[in-house]
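Please open the structure in a viewer and keep the sequence beside it. The tour below proceeds by selection, one stop at a time.

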Amino acid sequence: MTGAVLLAAVLAACGNMPARTVTNPDLPRALPELDHVAVAWTDPNGFTDLSRSGNRAEARRGTWVQDLAEHLQKAVAARLPEGERADITITDIRRAGDYEPWRGPDFDRVRMMRDIHWPQLILTLRRTTASGQVIEDGERILRDPAYLTSGIGAGRTSQPLYYEKRMIDDWVRREFPAPAR
C-alpha cells in the first residue's frame, strides 16, 4: 500500500468514527482536585440542554460539560479563601441558545441565540474549613435571562461557551467576594 493510499484509508476511517459526546458513560464525571476545589457532574443525559434541545444529537457533541466544569473549578480556586475547601456537583446545564433544525440543513448545527433561551447552571456547593467543619451547604441556581444584553461590548461573544462562562464568573464574584490569595 502506498503512502497516499494508506493516508486516504486512515482519513476515511476517521471520518466514520463517532464524535465525542458528553453522554459517553466511559468518560469521567469529575475533575482532579485543584487548590481544594473538587468539581463533579451528574449524568449529562438528564441535563436540560439535552432533554429539551431542538437537536439532541448535536447537543451531545463535544466536551462542553467538562469545559464548563474546568472553568468553574479555576474560577472558584482563584477566589476560595485560604483554609477552605469547596466541593461542587453540577446537576443541570442549559446552554445559551438552542438548535432550530426546522430552519433547514444549513442551520441544524447552529445554536440560535434568543432571549427565551438563556443559560442556566444548577449546582450543589459544600464549603468546609480545613478541619471539615461545614461553612455552607446547598443548591445554587445560576441563570442569566438578560445574557444577550448584559456584557455587551465585551467583544468575545464568539468564543465557545462565552455566555455560560461569563455567568459562572459573575456568580463566583458574588459567592466569593474577596480574592483568595
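**First stop: helix H5**

The model on display is predicted. Begin by selecting residues 162-175, which form helix H5. This helix has 14 residues, and its first and last C-alpha atoms lie 20 Å apart, close to the 20 Å expected at 1.5 Å a residue.

Next, colour the buried residues of H5: Tyr162, Tyr163, Glu164, Arg166, Met167, Ile168, Trp171, Val172 and Glu175. Which elements do the buried residues of H5 pack against? Show helix H4 (64-79), strand S5 (120-129) and strand S6 (134-143), for these are their partners.

**Second stop: helix H4**

Move from H5 to H4, a helix of 16 residues. Its end C-alpha atoms are 23 Å apart, which agrees with the 22 Å that H4 should span at 1.5 Å a residue.

The buried residues of H4 are Trp64, Val65, Leu68, Ala69, Leu72, Gln73, Ala75, Val76, Ala77 and Arg79. To see what they pack against, display strand S1 (37-41), helix H2 (48-51), helix H3 (56-60) and strand S2 (84-94), together with S5 and H5.

**Third stop: the whole chain**

Now zoom out to the protein chain. Its secondary structure comprises 5 helices and 6 strands, and along the sequence these follow the pattern α-β-α-α-α-β-β-β-β-β-α. The chain has 181 residues, of which 38% count as buried. Among contacts with a separation of 6 or more, 65% join residues 24 or more positions apart. A surface display would show about 10300 Å² exposed, with carbon and sulfur atoms supplying 54% of it.

**Fourth stop: the largest pocket**

Select Arg95, Arg111, Met113, Pro160 and Leu161, which of the 15 lining residues lie nearest the centre of the largest pocket. The volume of this pocket is about 220 Å³. Which element gives the most to its lining? The answer returns to the opening stop: H5, with 3 residues. Coloured by class, the pocket lining divides into 8 nonpolar, 2 polar and 5 charged residues.

**Fifth stop: the largest cavity**

The structure holds 1 cavity of 30 Å³ or more, and the largest cavity contains about 80 Å³ of space. To find it, select its lining: Arg20, Thr21, Val22, Asn24, Leu27, Pro28, Arg29, Trp41, Gly62, Thr63, Val65 and Gln66. By class, this lining has 5 nonpolar, 5 polar and 2 charged residues. Val65, one of these lining residues, was also among the buried residues of H4.

**Sixth stop: Thr23**

Select Thr23 next, in the loop between helix H1 (3-15) and S1. Is Thr23 buried or exposed? Its relative accessible area is 12%, so Thr23 is buried, as that value is under 20%. Beyond residues up to four places away in sequence, Thr23 touches Arg29, Pro44, Asn45, Leu50 and Arg60. Arg29 also appears in the lining of the largest cavity.

**Final stop: Glu100**

Finish at Glu100, in the loop between strand S3 (98-99) and strand S4 (111-112). Glu100 has a relative accessible area of 5% and is therefore buried. Apart from neighbours within four places in sequence, Glu100 is in contact with Phe107, Val110, Met112 and Arg114. A distance drawn between the C-alpha atoms of Glu100 and Val110 should read 7.5 Å, although the two residues are 10 residues apart along the chain.

Terms used:
Residues are numbered from 1 along each chain as its sequence is written. This is a predicted model: local features need pLDDT of at least 70, side-chain atom pairs count only at pLDDT 80 or more; totals for chains, interfaces and linings use all residues. Side-chain values use heavy atoms; hydrogens and water are left out. Helices (H or I, at least four residues) and strands (E, at least two) are DSSP runs, numbered from the N terminus. Buried means under 20% relative accessible area, exposed over 50%, partly exposed in between (1.4 Å probe, protein chains only). Contact means heavy atoms within 4.5 Å. Accessible areas come from the Shrake-Rupley method with a 1.4 Å probe; for residues, only the protein chains shown count as cover. The expected span of a helix is 1.5 Å times one less than its number of residues. On a 1 Å grid over the protein atoms alone, a cavity is a set of points where a 1.4 Å probe fits but cannot get out, and a pocket is an open set with protein on both sides within 12 Å along at least five of seven lines; lining residues have an atom within 4 Å of a point. Grid points are joined across faces, edges and corners, and a volume is the space filled by probe spheres set on the points. Ala, Val, Leu, Ile, Met, Phe, Trp, Tyr, Cys and Pro count as nonpolar, Asp, Glu, Lys and Arg as charged, and the others, Gly among them, as polar.
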